[in-house]
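Here are some notes to read alongside the structure. Take the points one at a time, and find each residue in the viewer as you go.

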Amino acid sequence: MTTPLNEDQQKTLRSYAWGHFVQHAEQRLKTFNFYVVFCTVLIGAFSTLASKDGISANFVLLPLLLSVLSFVFWKLDERTKMLIAVSSDALRYLDRLALADAPPEAQVLGLFAMDDSNTSRQSKYPLLSGHFNYSRVFNWVFGLMGLVGLAGTLACLLLPQA
């Protein structure tokens, strides 16, 4: 039988788990911001070249790169999301330990559990009123930019050359 964590251990582990959570949550947002900037540069370069010289097979690498980068950044985001989930689970556990003997009204202090409860009550499917989390929104952007890149690639290869 394991002994429960004492207060000092809980405090140390909470600090460790929170630091892990913050590091990867910030990394996720910074990576996504970098991705958006990269997409903007690629689309801008392709648009400028196409408007100046017309769509050409010479430009095929720009939209192809957009699709490849969308896939790569999606995979990076999936990994970062897993790391955030690890620290979230640890924080949920520490919340349960800290609130085990607390009165029922104090359960609102279990922030991760409260968030889980609130989001589980929201529908995931209505487009405008459903629950959107970072993963869902990021995945839509990765997918859309991947499709834009694919469309640009096909346009470069299939449309008559200027």
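**Notes on the helices and what lies between them**

1. Let's begin with His131, which counts as buried because its relative accessibility is 19%, and the cut-off for buried is under 20%. Please keep in mind that this is a predicted model. You will find His131 in the loop that runs between helix H3 (111–120) and H4. Setting aside residues up to four places away in sequence, His131 touches Thr119, Gln122, Ser123, Lys124 and Arg136.

2. Now go to another loop, the one between H2 and H3, where Gly110 is found. Is Gly110 buried or exposed? Gly110 counts as buried, because its relative accessibility is 2%. Beyond its neighbours within four places in sequence, Gly110 is in contact with Asp95 and Leu99. For a sense of scale, pick Gln27 as well: 83 residues separate Gly110 and Gln27 in sequence, and their C-alpha atoms are 24 Å apart in space.

3. Next, some helix packing, with H1 and H2 as the pair. Their axes come within 9 Å and cross at roughly 165°. An angle over 145 degrees counts as roughly antiparallel, and H1 is therefore roughly antiparallel to H2. The crossing in which H1 passes H2 is left-handed. Sorted by class, the residues in the contact of H1 with H2 are 27 nonpolar, eight polar and five charged.

4. H2 also meets H4. How do the axes of H2 and H4 cross, and within what distance do they come? They cross at roughly 160° and come within 7 Å. That angle makes H2 roughly antiparallel to H4, and the crossing of the two is left-handed. On the H2 side, the residues that meet H4 include Pro63, Leu66, Phe73, Trp74 and Lys81. On the H4 side, the partners include Ser135, Phe138, Phe142, Met145 and Cys156. By class, the contact of H2 with H4 has 11 nonpolar, eight polar and three charged residues.

5. The remaining pair to look at here is H1 and H4. Helix H1 (residues 7–53) and helix H4 (residues 134–158) pack with their axes 12 Å apart, at an angle of about 20°. Angles under 35 degrees count as roughly parallel, so H1 and H4 are roughly parallel to each other. H1 passes H4 in a left-handed crossing. From H1, the residues that take part include Arg28, Phe32, Tyr35 and Cys39; from H4, they include Tyr134, Phe138, Phe142 and Gly152. By class, this contact of H1 with H4 has 12 nonpolar, two polar and one charged residues.

6. With the helices in mind, look for the nonpolar cores. Which residues make up the largest nonpolar core? There are 10 of them: Phe32, Tyr35, Cys39, Leu42, Leu66, Leu69, Phe73, Phe138, Phe142 and Met145. H1, helix H2 (61–99) and H4 are the elements that give two or more residues to this core. H1 gives the most, with four residues. Apart from this core lies another, of five residues, among them Ala17, Ile84, Leu91 and Phe112.

7. Leu42 is a good member of the largest core to click on. Not counting neighbours within four places in sequence, Leu42 is in contact with Leu62, Leu65, Leu66 and Leu69. Two of these, Leu66 and Leu69, are themselves listed in that core.

8. Leu94 is found in helix H2. Leu94 counts as buried because its relative accessibility is 3%. Leaving out neighbours within four places in sequence, its contacts are with Leu5, Gln10, Leu13 and Arg14. Leu94 and Lys30 are 64 residues apart in sequence, and 28 Å lie between their C-alpha atoms.

9. Finish with Thr12, which lies in helix H1. Is Thr12 buried or exposed? Thr12 is exposed, because its relative accessible area is 55% and the cut-off for exposed is over 50%. Thr12 and Gly152 are 140 residues apart in sequence and 52 Å apart in space, C-alpha to C-alpha. Gly152 should look familiar: it is one of the H4 residues that meet H1, and it also appears among those that meet H2.

Methods
Residues are numbered from 1 along each chain as its sequence is written. This is a predicted model: local features need pLDDT of at least 70, side-chain atom pairs count only at pLDDT 80 or more; totals for chains, interfaces and linings use all residues. Side-chain values use heavy atoms; hydrogens and water are left out. Axes are lines fitted to C-alpha atoms, for helices over the stretch in contact, and angles run from 0 to 180 degrees between N-to-C directions. Angles under 35 degrees count as roughly parallel, over 145 as roughly antiparallel, 65 to 115 as roughly perpendicular and the rest as oblique. A crossing is left-handed if the near helix is turned anticlockwise from the far one by less than a right angle, and right-handed if clockwise. Contact means heavy atoms within 4.5 Å. Ala, Val, Leu, Ile, Met, Phe, Trp, Tyr, Cys and Pro count as nonpolar, Asp, Glu, Lys and Arg as charged, and the others, Gly among them, as polar. A nonpolar core is a set of buried Ala, Val, Leu, Ile, Met, Phe, Trp, Tyr and Cys residues joined through side-chain atoms within 4.5 Å. Buried means under 20% relative accessible area, exposed over 50%, partly exposed in between (1.4 Å probe, protein chains only).
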